[in-house]
Amino acid sequence: MVKGKDNKPHIGIFGRRNTGKSSFINCLVNQDIAIVSEQAGTTTDPVKKSIEIFGIGPAIIIDTAGIDDTGELGIKRIEKSLETLKTVDCAVLMISGNMFGEFEKELVKSFNSWDVPYIIVHNKSDVEPMNERLEQKIGELVKTPVLDFSTINPINPKNLENIIEYLRKTIPESIFQKPTLIGDLVKKGEYVLLITPHR
C-alpha cells in the first residue's frame, strides 16, 4: 500500500526528546532545515519538509515531537506524532544513551500496527557509543539492526552512507515506481497498436 500521495517516500523521525532527531535530519540532507536546540522538546507539532536525500532522491521528511513528552499538551503532541504513521512509508526510531525502554517498545508496536517498516539509529555515539548489551536487548525484540551514529561528528562518510543504504532498502520499492500514462491498462506481454491519422 502506497501511503504517500506524490510518489515521494514519506519518512517519519520518531523518538524521545533530545535524542537528536532534528540534528539527524540536518545531517541527512546536509543543510540546516530543522531547528536544533539543547533544550528538550524543541519540536512540538509534526513538521513536514520536502527534501532531497543523496542516494534516495526527493522525499518528504516528518520531524515529530518527543514520544516521552509530558503534561496535557505533551500528550496531545504525542497523539499528533503517532497520527503521522497513517501517512509515512518508512520510520526512523532515534535512540541515544543506550536507552531502549517502554517508550521505544510502544513505538515499535505502533510501527507494526500500521505496517510501517523502520530502522533504529543510536545517535550521539560521540558521547556514549552503543554497547553490546543494548544490541542484544533490541535483537531479542526486533529483527531490525541498530545503527550507531553521531550527528555531531559524522566525519566517517561510511556511517551516513550506511544509514542511507538501510533507508533505501527499508522504503517500499513501490514508492519509487512512477505512474505511466497508461498505468496498469497494458500488462506484460501485451502489445499496443498505435494508429496515427493520415495527413
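Are Phe14 and Phe111 buried or exposed? Select the two residues and take a look: Phe14 is buried, and Phe111 is buried as well. Keep in mind as you go that this is a predicted model.

**The whole chain**

Before going further into the details, zoom out and colour the protein chain by secondary structure. You should find five helices and six strands. Following the chain from the N terminus, the elements come in the order β-α-β-β-α-β-α-β-α-β-α. The protein chain has 199 residues, and 43% of them count as buried. Now switch on a surface: the accessible surface of the protein chain is about 12,300 Å², with 53% belonging to carbon and sulfur atoms. Contacts are worth a thought too. Among those in the protein chain with a separation of 6 or more, 70% are between residues 24 or more positions apart.

**Stop one: the aromatic rings**

Return to Phe14 and Phe111. The model has three aromatic pairs. In one of them, the ring centres of Phe14 and Phe111 lie 5.5 Å apart and the planes stand at 65°, so this pair is edge-to-face. Phe14 belongs to strand 1 and Phe111 to helix 3, so the pair ties together parts 97 residues apart in sequence.

Next, add Tyr118 to your selection. What kind of pair do the rings of Phe111 and Tyr118 make? Their centres are 5.1 Å apart and their planes are at 40°, so the pair is tilted. Tyr118 is buried, as is Phe111. With Phe14, Phe111 and Tyr118 all shown, you have a cluster linked by ring pairs.

**Stop two: Arg16 and Glu104**

Now for the charged side chains. The model holds eight salt bridges. Select Arg16 and Glu104, whose side chains form one with an N to O distance of 2.6 Å. Arg16 is in the loop between strand 1 (10-15) and helix 1 (21-29), while Glu104 is in helix 3 (residues 102-113), so this pair ties together parts that are 88 residues apart in sequence. Both Arg16 and Glu104 are buried.

**Stop three: Arg17 and its network**

Select Arg17 together with Asp68. Here is another salt bridge, with the closest N and O atoms 3.4 Å apart. Arg17 sits in the loop between strand 1 and helix 1, and Asp68 in the loop between strand 3 (57-63) and helix 2 (71-83), so the pair ties together parts that are 51 residues apart in sequence. Arg17 is partly exposed, at 26% relative accessibility, whereas Asp68 is buried, with a relative accessible area of 14%.

Which residues are linked with Arg17 and Asp68 in a network of salt bridges? Add Asp69 and Arg77 to the view, and the network of Arg17, Asp68, Asp69 and Arg77 is complete.

**Stop four: along helix 3**

Go back to helix 3 and pick Glu102 and Lys105. Their side chains meet in a salt bridge, 3.7 Å from N to O. The two residues are three apart in helix 3, so about one helical turn separates Glu102 from Lys105. Glu102 is exposed, with a relative accessible area of 52%, and Lys105 is partly exposed at 28%.

**Last stop: a charge over a ring**

To finish, select Tyr166 and Lys169. What sits over the ring of Tyr166? The charged end of Lys169 does, at 5.7 Å from the ring centre.

How values were computed. Residues numbered from 1 in each chain as written. Predicted model: local features only at pLDDT ≥ 70, side-chain atom pairs only at ≥ 80, totals over all residues. Heavy atoms only, no water. Salt bridge = Lys/Arg side-chain N within 4 Å of Asp/Glu carboxyl O. Helix = DSSP H or I, 4+ residues; strand = E, 2+ residues; numbered from the N terminus. Buried < 20%, exposed > 50% of the residue type's maximum accessible area, 1.4 Å probe, protein only. Contact = heavy atoms within 4.5 Å. Areas by Shrake-Rupley, 256 points an atom, 1.4 Å probe, with all protein chains shown as cover. Phe/Tyr/Trp six-rings, centres within 6.5 Å; stacked < 30°, edge-to-face > 60°. Lys NZ or Arg CZ within 6 Å of the ring centre and 35° of its normal.
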